[in-house]
Amino acid sequence: MSSSCRRPEHMAPPEVFYNEDEAKKYSQNSRIIEIQSQMSERAVELLSLPDDQPCYLLDVGCGSGLSGDYLSEVGHYWVGVDISTAMLDVALRREVEGDLVLGDMGQGMPFRPGMFDGCISISALQWLCNADKKTHSPPKRLYRFFSTLYSALARGARAVFQIYPENSEQLELITAQAMKAGFTGGLVVDYPNSSKAKKFFLCLFAGVSGVLPKGLDSEATDRGVSTQAQFTSQRSRFKNMKGKSVKKSKDWIMEKKERRRRQGKDVRADTKYTGRHRRPHF
């Protein structure tokens, strides 16, 4: 791909790329903060956690704690794991409410069995598809991560990964190792017709197969475009989906309002949720 050279995971290993300067810039950019909050909100929604019940969650690739801020905001307890000391230092200075662990996800999750009620990960999983060292084998590192994560999750729990897949082969590599580790689930695609708003969420079930949620975008449903790809015992091939952007359309705004209402938040009938008018509060 012509744009692959600009992908962060191709520039340097994560612990090198996210140095002090990058960590500071990442954590102070209002646009990044807004996007992280939105993706964390969607990931938690896909976890389908019990209503009005605090849960103990794992945030893989937690960085400076931006996604963890949302978890705290909605009343959950969390543990964050990241490989970048610079990012974790920023999280400590920001006095995030979660516990922080320095670790390489490719070496596995160092937690006792059944410890977590769910797991989220924002923009981190695709880093495991690279071999940053001669000793790195992406399939083995992915399997090590998924197998230890499976053990750390309570049976019936979910893990939701927001990812930026490079191509269908990379998706197949990831899902093959997830299945090998015992997970079922599939890919949920929000706004598949939009080149800008489209987001990929890998939704995994530990121990008990669940119903794969539908991706957001009523227009895609009307046009017969799939917003999900499920796997159980066989790998699925994922098709690239392109189309007209529907972000900030009426349907997009209404879906955003509905998510807020399900979380018990007061939403006025004339409120418009747009990046221009609303900013996350931490």
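**Exercise 1.** Which residue forms a salt bridge with arginine 141, and how far apart are the closest N and O atoms?

*Solution.* Keep in mind that we're working with a predicted model. Start at arginine 141: its salt-bridge partner is aspartate 104, with the closest N and O atoms 3.0 Å apart. Next, place the two residues. Arginine 141 sits in helix H6 (residues 138-152), while aspartate 104 belongs to the loop between strand S3 (99-102) and strand S4 (116-122), so this pair ties together parts that are 37 residues apart in sequence. Last, check accessibility: arginine 141 and aspartate 104 are both buried.

**Exercise 2.** Take the pair glutamate 34 and arginine 31, and work out where each one lies and whether it is buried or partly exposed.

*Solution.* First the contact: these two make a salt bridge, and their closest N and O atoms are 3.2 Å apart. Both residues are in helix H3 (residues 30-47), three residues apart, or about one turn of the helix. Now the accessibility. Glutamate 34 comes out at 5%, and the cut-off for buried is under 20%, so glutamate 34 is buried. Arginine 31 has 39%, which makes it partly exposed.

**Exercise 3.** Do the same for glutamate 45 and arginine 42, then find the network they belong to.

*Solution.* The salt bridge here has its closest N and O atoms 3.3 Å apart. Glutamate 45 and arginine 42 are about one helical turn from each other because they lie three residues apart in helix H3. Glutamate 45 is partly exposed at 23%, whereas arginine 42 is buried at 6%. As for the network, shared salt-bridge partners join Arg42, Glu45 and Asp190.

Notes:
Residues are numbered from 1 along each chain as its sequence is written. This is a predicted model: local features need pLDDT of at least 70, side-chain atom pairs count only at pLDDT 80 or more; totals for chains, interfaces and linings use all residues. Side-chain values use heavy atoms; hydrogens and water are left out. A salt bridge is a side-chain nitrogen of Lys or Arg within 4 Å of a carboxyl oxygen of Asp or Glu. Helices (H or I, at least four residues) and strands (E, at least two) are DSSP runs, numbered from the N terminus. Buried means under 20% relative accessible area, exposed over 50%, partly exposed in between (1.4 Å probe, protein chains only).
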